[in-house]
Amino acid sequence: QVQLVESGGGLVQAGGSLRLSCAASGSIFSIDIMGWYRQAPGKQRELVATITSGGNTNYADSVKGRFTISRDNAKNTVYLQMNSLKPEDTAVYYCNARIQTTRFFTYLTHWGQGTLVTVSS
C-alpha cells in the first residue's frame with residue numbers, strides 16, 4: 001500500500017505565500033515523476049508543476065515565476081513553494097506521484113487526498 005499525504009494548505013491574502021508538502025509512504029521501491037495538480041470549483045483538474053527524480057521541472061504558464069517545485073528523494077517528499085499568490089490560485093491542490101512498489105512491478109500513479117488553498121483578495 002502506498003499513501004500520499006499533503007499538508008500546508010490554508011487561507012492567505014493575495015500577495016502572500018504558502019508552502020505545500022506531500023510525503024509518500026508505504027511499500028515504495030522507486031519514485032519517478034512527482035507533481036502538483038489543482039482543481040478550482042467548477043473547473044477541471046489542471047497541472048501545476050512536475051519534477052523528475054533527477055530534478056527536471058515543468059510548470060504551468062500561469063504559475064511560472066511564482067511557484068517553485070522541489071523534492072527530497074531521501075524523504076520521498078515533494079514541495080510546492082507558492083509566492084505572490086492570487087485569488088485565481090484558489091483551489092484544492094493534489095499531490096501526484098508515479099511509484100514502483102517493487103523492482104518487478106511497473107510504475108503506477110498515486111494521488112493524495114488534496115489540500116485546500118484559499119487566496120483572499
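Author: Hi! One term before we start: a residue is called buried when its relative accessible area is under 20%, and exposed when it is over 50%, with partly exposed in between. Also keep in mind that this is a predicted model.

Reader: Thanks! Let me try the term out. Is V119 buried or exposed?

Author: V119 has a relative accessible area of 6%, which is under 20%, so V119 is buried.

Reader: Where is V119 found?

Author: V119 is in strand β11.

Reader: And what does V119 touch, leaving out residues up to four places away in sequence?

Author: There is a group around V12, Q13 and A14, and another with L85, K86, P87, D89 and T90. For T90, the C-alpha atom is 5.4 Å from that of V119, although 29 residues separate the two in sequence.

Reader: Cool. Zooming out, how many helices and strands are there?

Author: The protein chain has eleven strands and zero helices. Reading along the sequence, you meet β-β-β-β-β-β-β-β-β-β-β.

Reader: What about its radius of gyration, and what would a compact globule have?

Author: The chain has a radius of gyration of 14 Å, and a compact globule with 121 residues would have one near 14 Å, so the two agree. Along the principal axes, the C-alpha trace spans about 50 × 25 × 25 Å.

Reader: How many of the residues count as buried, as a percentage?

Author: That is 40% of the 121 residues. On the outside, the chain exposes about 6500 Å², and carbon and sulfur atoms supply 48% of that area.

Reader: Which share of contacts between residues at least 6 apart joins residues at least 24 apart?

Author: In this chain the share is 56%.

Reader: Switching to charges: how many positive and negative ones are there?

Author: There are 11 positive and 7 negative charges, and their mean positions are 4 Å apart.

Reader: I spotted R66. Where does it sit?

Author: R66 lies in the loop between β6, residues 57-59, and β7, residues 67-72.

Reader: A loop, okay. Is R66 buried or exposed?

Author: R66 is buried, because its relative accessible area of 11% is under 20%.

Reader: What does the side chain of R66 reach?

Author: One partner is the backbone oxygen of S62, at 2.9 Å. Another is the backbone oxygen of S84, which lies 3.0 Å from a polar atom of the R66 side chain. Leaving aside neighbours within four places in sequence, R66 is in contact with Q81, M82, N83, S84, L85, K86 and D89.

Reader: Tell me about S84, then. What is its phi?

Author: The phi of S84 is near 50 degrees, a positive value in a residue other than glycine. Most residues other than glycine have a negative phi. S84 lies in the loop between β8 and β9, and at 41% relative accessibility S84 counts as partly exposed.

Reader: What's the phi of N76?

Author: N76 has a positive phi of about 50 degrees, and N76 is not a glycine. You'll find N76 in the loop between β7 and β8, and it counts as partly exposed at 24% relative accessibility.

Reader: T77 comes next on my list. Where is it?

Author: T77 is in strand β8, which covers residues 77-82. T77 counts as buried, since its relative accessibility is 8%.

Reader: What does T77 touch?

Author: Neighbours within four places in sequence aside, T77 is in contact with C22, A23, M34, S70, R71 and D72. The side chain of T77 also reaches the backbone oxygen of K75 at 2.9 Å.

Reader: And D72, where is that?

Author: D72 is in strand β7 and is partly exposed, at 25% relative accessibility. Not counting residues up to four places away, D72 touches T77 and Y79. A polar atom of the D72 side chain lies 3.1 Å from the backbone nitrogen of A74.

Reader: Last one! Where is Q113, and what does it touch?

Author: Q113 is in the loop between β10, residues 108-111, and β11, residues 115-120. Q113 touches L4, V5, E6 and Y94, not counting residues up to four places away in sequence. Its C-alpha is also 8.8 Å from the C-alpha of Y93, with their positions 20 residues apart in sequence.

Notes:
Residues numbered from 1 in each chain as written. Predicted model: local features only at pLDDT ≥ 70, side-chain atom pairs only at ≥ 80, totals over all residues. Heavy atoms only, no water. Helix = DSSP H or I, 4+ residues; strand = E, 2+ residues; numbered from the N terminus. Rg over C-alpha atoms; globule rule 2.2 N^0.38 Å. Buried < 20%, exposed > 50% of the residue type's maximum accessible area, 1.4 Å probe, protein only. Contact = heavy atoms within 4.5 Å. Areas by Shrake-Rupley, 256 points an atom, 1.4 Å probe, with all protein chains shown as cover. Lys, Arg positive; Asp, Glu negative; His and termini not counted. Charge placed at Lys NZ, Arg CZ, Asp CG, Glu CD. Polar contact = N/O pair within 3.5 Å; in protein donor to acceptor, adjacent residues only side chain to side chain.
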